[in-house]
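The exercises below are meant to be worked with the structure open beside the text. Each task is followed by a solution that goes step by step.

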Amino acid sequence: MNDDRIDELLARGARDYNQPGPVPRDEMWARIQASRQSLRAASAARTSRPILIWTSVGIAAAVILSVGITIGRRVERGVPTATAPVAANPVASPRRDSASTRSTVRPATIVATNRDSLIRQLREQTKTTDRRARELAAAPDQTGGPPATNLAYHLVVLQHLAGSEAMITAFRTSAHRGEMDADLATWSRELLSTTRMLESSAATQDPTMKRLLEDLDLVIAQIVQYTTHGTNNSEDLDLIEQSITARGVIGKLRGTVSARNPAAGT
Amino acid sequence: MLLDCTNVVTEAANAQPSAHPRLLDRQLVTRCLAQDALAERALYDAHVDRVYRLMYRMAGDADLAADFTQETFIRAFERLEQFRGDSSLATWLHTIAVSIALNGMRKVNRIQGRTEMIDNMPSLAAEAFRFTGDLKARLHAAIDALSEKLRPVFVMHDVEGYTHEEIAGSLGIPVGTSKARLFDARAKLRIALAAFAGDHVT
């Protein structure tokens, strides 16, 4: 069979791929309207809740989150860490030549983690949060539970978001420097696992939070793939940047943390 | 006011891509932001068919396609104030739709235990087709097996007839990347078909 014949078969066969039936316009519209109504009702209910709960959460979270955010921004500004990472295997992770570099972002070299590296320190800080977040997310619906449990749940979610922001910021900074700290792979995997637990948790009922977690899931999954396989592919790096930018992940994370944690500040 | 609204709604409902789409987009969005129920329905009617078709092509299941389409419009109405008109409303909606479909399919795949997107498609597809003699079925399974990067581009371009500009806008990638991915997707499918043809055609 020649190429033309194959192309013809391809074009003909592709047209029938997952052939859609009639569009259930009215049924979908009815469900969209019902869903929007319930979202509006939920939103109204949320705003009428006593602000005392969120104030308490805010005050409790402020100390921990401000530490996470401050560290994340220090990383972003490129504050020198105590130690410089050392290339583990530069031969195995060659840099691309200039002709193949499509963006200003340099392909990363995976580097060994120094015991004192800032990334390791950050990861250690988020470990406890992640464990607690997983425990609470795995538990039955917390939102209807006693205020103390509810408060704890919201607190760890906010801590997780702050930790995720720090990791994404650290990743971008490492990528821009062309060096990828080996600890980022483990750290991003841990955060991805927690994000997915929170996503599927019955306790996460807030649709805005659910969407934020979905966006976070996608971005962290891409980072996991990149850091784990160490492909040094600038196109993959571009895609990750695009996901972060297109979804406004950093802005949403900071917005959520600030909005729900007025005491944290910037 | 009512007359204005009716006109916009009628124009939008019958909107063809060539008829001042950006102007209609802006009018519709403005009306929707003013809580105009007729305009909301007009926006929905103007775009739902294309969104649903794409969702169906990507999901291969009527319920999933309906879920993804509903979620697209719910999210779009919720975020309508973020629409700045840099791209057409259709492109903006498709960006949301494709994101929802990819995330949704990822979850479905995870639930079904197929956590890894299949990049080594030809060998797996060949495996799948050892059990079927149907060329079309082989092709469809090979399309199913394309990676998460390649499949949306192939489906949008070769199955649904989107332009590379539309695909690039919807997926947030450069036009060149869209073309490269289509090239890669077709190459993988050709390999799958050629292997099959080799078995069955002399």
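The model is predicted.

**Exercise 1.** Describe the fold of chain A by its secondary structure and by the sequence separation of its contacts.

*Solution.* Begin with the elements, which in chain A come to 9 helices and 3 strands, and then place them in order along the sequence, where the pattern reads α-α-α-β-β-α-α-β-α-α-α-α. Next consider the contacts between residues at least 6 apart in sequence, of which 81% join residues at least 24 apart. Finally, of the 266 residues of chain A, 36% count as buried.

**Exercise 2.** Find which side of helix α8 of chain A is buried.

*Solution.* First locate the helix, which covers residues 234-246 of chain A and reaches 18 Å from its first C-alpha to its last, close to the 18 Å expected at 1.5 Å a residue. Then list its buried residues, which include A:S234, A:L237, A:I240 and A:I244. Because these residues cover an arc of only 115 degrees around the axis, they lie on the same side of α8(A). An α-helix has 3.6 residues a turn, so residues three or four places apart point the same way. After the helix comes A:G248, whose phi is positive, near 55 degrees.

**Exercise 3.** Trace the largest nonpolar core and say where its residues come from.

*Solution.* Start from the residues that touch the most other members of this 53-residue core, namely B:M55, B:A59, B:A97, B:A101 and B:L189. The largest share, 13 residues, comes from helix α3 (residues 37-59) of chain B, and the core draws at least three residues from each of domain 1 (2-111) and domain 2 (121-200) of that chain. Apart from this core lies another, of 35 residues, among them A:L158, A:A166, A:M180 and A:L237.

Key
Residues numbered from 1 in each chain as written. Chains lettered and ligands numbered in written order. Predicted model: local features only at pLDDT ≥ 70, side-chain atom pairs only at ≥ 80, totals over all residues. Helix = DSSP H or I, 4+ residues; strand = E, 2+ residues; numbered from the N terminus. Buried ≥ 20, exposed ≤ 12 C-beta atoms within 10 Å, placed from the backbone. Contact = placed C-beta atoms within 7 Å. Core = buried A, V, L, I, M, F, W, Y, C linked by C-beta atoms within 7 Å. Domains from an automatic or database assignment. Expected span 1.5 Å × (residues − 1). Arc of directions from axis to C-beta.
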